[in-house]
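Ready for some practice at reading a protein model? Keep the sequence and the 3D view side by side, and try each task before you look at its solution.

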Amino acid sequence: MARSSGQRLLGFDRKLGVRFVAGADEAGRGSLAGPLVVAGVLLDYEALRGSRVRPLSTLNDSKQVSVAEREELFQAVGACASAISVRIVPVGSIDRNGLHRSNLAGLRAVLSDLHPPADACLVDGFRLGPSAPPHRAVVDGDARSAAIAAASIVAKVIRDRVMRRLDALYPNYGFVSHVGYITPAHNEAVRSFGPSELHRRSFQARCYAAVEAA
């Protein structure tokens, strides 16, 4: 019988041969508007056995599941994780410090937040430098490691919820549908109404150039 996505991801972490595995990932790196949300999740592989681990059987990279499935997995991760940390990096910090530096700082922070300290820290694709806890960068980690996939679910669900709530304050931009990412409708809204306080002005976006040229 083929293994489920969750079994495959959990198997990757278990092969590390340690008890506590932390994963870190972010949502919103490619977004034109809104914050960057970074999450860290700590899994205790001594506790995650039998019925305790069953809720994670469908765990997967957040990009590979539907909105409804992400919400269900968000609840499952909350029930199964030993600890969760979330950092929300506002637009001002992204514009001031740069997206990449903001992302690395957020990933370092969430891994440092987790207690007890992990025996192994896994990050989706990035080396975080010597000031971070000892860690391993895993290419396509959100599709390989349960801890990273869990962090990707947490970051994505929280960020989407934030953006949908912000839609009520900035109703002209359609955040409820595209949650800040670049779409033709989003570009057209920026051209029509100009960028809002939620838009990352440090990004080189064609819709900004059109507004400045008008």
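The exercises below concern this predicted model, and each one comes with a worked solution.

**Exercise 1. The largest pocket**

Task: Find the space in the largest pocket, the residues closest to its centre, and the elements that line it.

Solution:
- Step 1. Start with the volume: the largest pocket holds about 230 Å³ of space.
- Step 2. Go to the middle of the pocket. Its lining has 14 residues, and E26, A27, G28, K63 and Y181 are the closest to the centre.
- Step 3. Sort the lining by element. Two or more residues come from each of β1 (20–27) and α5 (146–166), and β1 provides the largest share, three residues.
- Step 4. Now sort the lining by chemistry. Eight residues of the pocket lining are charged, three are polar and three are nonpolar.

**Exercise 2. The enclosed space**

Task: Count the cavities of 30 Å³ or more, then describe the lining of the largest cavity.

Solution:
- Step 1. The count gives one cavity of 30 Å³ or more. The largest cavity contains about 30 Å³ of space.
- Step 2. Select V67, R70, E71, V157, D160 and R164, which line the largest cavity.
- Step 3. Colour by element: α2 (67–80) and α5 each give two or more residues to this lining.
- Step 4. Check the chemistry of the cavity lining: four residues are charged, two are nonpolar and none is polar.

**Exercise 3. A histidine in a loop**

Task: Is H199 buried or exposed, and which residues does H199 touch?

Solution:
- Step 1. Locate H199 in the loop between α7 (184–193) and α8 (206–213).
- Step 2. Apply the cut-off: buried means under 20% relative accessible area. H199 has 1% relative accessibility, so H199 counts as buried.
- Step 3. List the contacts, leaving out residues up to four places away in sequence. H199 touches L32, A33, V91, D95, Y173, F175, H186, V190 and Y208.
- Step 4. Look for polar contacts between side chains. H199 is joined to H186 by one of 2.9 Å, and to S196 by one of 2.8 Å.

**Exercise 4. Strand β4**

Task: Work out how β4 is placed among the strands, and why it is described as largely enclosed.

Solution:
- Step 1. Take the strand residue by residue. Five of the five residues of β4 (residues 120–124) are buried, so the rest of the structure largely encloses this strand.
- Step 2. Compare the faces. A120, L122 and D124 are on one side, C121 and V123 are on the other, and all are buried, so both faces are covered.
- Step 3. Turn to the pairing with β1: the two strands run parallel and are joined by four bridges. Within this pairing, G23 stands opposite L122.
- Step 4. Turn to β5 (residues 136–138). Three bridges join β4 to β5, again as parallel strands, and D124 has V138 as its bridge partner.

**Exercise 5. Backbone exceptions**

Task: Most residues other than glycine have a negative phi, and most peptide bonds are trans. What are the exceptions at P116, D140 and V179?

Solution:
- Step 1. Begin with the peptide bond. H115 and P116 are joined by a cis peptide bond with omega about 0°, and P116 sits in the loop between α4 (99–113) and β4.
- Step 2. Move on to D140, in the loop between β5 and α5. D140 is not a glycine, yet its phi is positive, about 55°. With a relative accessible area of 53%, D140 is exposed.
- Step 3. Finish with V179, in the loop between α6 (175–178) and α7. V179 also is not a glycine and has a positive phi, about 45°. At 5% relative accessibility, V179 is buried.

**Exercise 6. A serine in a helix**

Task: Describe the surroundings of S102 in helix α4.

Solution:
- Step 1. Check the exposure: S102 has 6% relative accessibility and therefore counts as buried.
- Step 2. List the contacts beyond four places in sequence: L36, V89, S93, I94 and N97.
- Step 3. Find the polar partner. A polar atom of the S102 side chain lies 3.5 Å from the backbone oxygen of S93.

Terms used:
Residues are numbered from 1 along each chain as its sequence is written. This is a predicted model: local features need pLDDT of at least 70, side-chain atom pairs count only at pLDDT 80 or more; totals for chains, interfaces and linings use all residues. Side-chain values use heavy atoms; hydrogens and water are left out. On a 1 Å grid over the protein atoms alone, a cavity is a set of points where a 1.4 Å probe fits but cannot get out, and a pocket is an open set with protein on both sides within 12 Å along at least five of seven lines; lining residues have an atom within 4 Å of a point. Grid points are joined across faces, edges and corners, and a volume is the space filled by probe spheres set on the points. Ala, Val, Leu, Ile, Met, Phe, Trp, Tyr, Cys and Pro count as nonpolar, Asp, Glu, Lys and Arg as charged, and the others, Gly among them, as polar. Buried means under 20% relative accessible area, exposed over 50%, partly exposed in between (1.4 Å probe, protein chains only). Contact means heavy atoms within 4.5 Å. A polar contact is a pair of N or O atoms within 3.5 Å; within protein, one must be able to donate a hydrogen and the other to accept it, and residues adjacent in sequence count only if both atoms are side-chain atoms. Two strands pair if DSSP finds at least two bridges between them.
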